[in-house]
Amino acid sequence: QYLKNLTSHTAYNDNVLFYAKGTEGNAVAVAVNLNPYEAQEVDLELPLELWGIGEDEDYVVEELISSTEIGNRGRIKHVYLDPARNIAEILRLRRV
């Protein structure tokens with residue numbers, strides 16, 4: 001039951017695990033660096049449909065660990081994961 005609505009998504013780096021949990025409008029996505037020694041850069045393919053966001057819409061990505069926000073458009077989000085600073089990011093999206 002706890003794993004219901006857990007889906008894996010595309011991370012264009014084999015050293016990064018990217019998954020999401022939730023239902024439309026109430027979801028988080030998590031990117032995790034699997035390499036404990038080296039930083040990893042990755043383009044994530046965001047599952048916009050979990051937030052009811054279209055690919056042509058502007059939206060805000062909120063990173064919940066650092067409480068930072070950045071505007072975005074389209075499915076791709078570039079992330080830098082450094083084991084010394086941020087081995088993972090937890091993302092929540094919202095429309096502008």
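Strands β4 (40–45) and β7 (76–81) run antiparallel and are joined by 6 bridges; strands here are DSSP runs of E of at least two residues, numbered from the N terminus, and two strands count as paired if DSSP finds at least two bridges between them. Within this pairing, E45 stands opposite I76 of β7. The model is a predicted one, in which local features need pLDDT of at least 70 and side-chain atom pairs count only at pLDDT 80 or more, while totals for chains, interfaces and linings use all residues. Residues are numbered from 1 along each chain as its sequence is written, and side-chain values use heavy atoms, with hydrogens and water left out.

Strand β7 also shows a clear alternation of its side chains. K77, V79 and L81 point to one face and are buried, whereas I76, H78 and Y80 point to the other face and are not. Buried means under 20% relative accessible area, exposed means over 50%, and partly exposed lies in between (1.4 Å probe, protein chains only).

Turning to the interior, the largest nonpolar core contains 20 residues; such a core is a set of buried Ala, Val, Leu, Ile, Met, Phe, Trp, Tyr and Cys residues joined through side-chain atoms within 4.5 Å. The residues with the most contacts inside this core are V16, F18, L44, L46, W51, Y59 and L93. At least two of the core residues come from each of β2 (16–23), β3, β4, β5, β7 and β8 (88–95). Among the core residues, W51 touches E24, G25, A27, V28, A29, L91, R92, L93 and R95, leaving out residues up to four places away in sequence; contact here means heavy atoms within 4.5 Å.

Another antiparallel pair is formed by β5 (residues 58–63) and β6 (residues 68–73), with 6 bridges between them. Y59, already met in the core, has N72 of β6 as its bridge partner. The hairpin of β5 and β6 has 4 residues between the strands, and S67 there takes a positive phi near 60°. S67 is exposed, at 58% relative accessibility. A second non-glycine residue with positive phi is N5, with a value near 70°. N5 lies in the segment before β1 (6–8) and is partly exposed, at a relative accessible area of 38%. For context, most residues other than glycine have a negative phi.

The largest pocket holds about 170 Å³ of space. It is lined by 13 residues, with E63, S66, T68, N86 and E89 nearest its centre, and β5, β6 and β8 each supply at least two residues of the lining. A pocket is an open set of points on a 1 Å grid over the protein atoms alone, where a 1.4 Å probe fits, with protein on both sides within 12 Å along at least five of seven lines; lining residues have an atom within 4 Å of a point. Grid points are joined across faces, edges and corners, and the volume is the space filled by probe spheres set on the points.

Two polar side chains complete the picture. N35, in the loop between β3 (26–33) and β4, is buried at 15% relative accessible area. The side chain of N35 reaches the backbone nitrogen of E38 at 3.1 Å, and N35 touches N15, Q40 and P83, not counting residues up to four places away in sequence. T7, in strand β1, is partly exposed at 34% relative accessibility. The side chain of T7 makes a polar contact with that of H9 (2.7 Å), a polar contact being a pair of N or O atoms within 3.5 Å; within protein, one must be able to donate a hydrogen and the other to accept it, and residues adjacent in sequence count only if both atoms are side-chain atoms.
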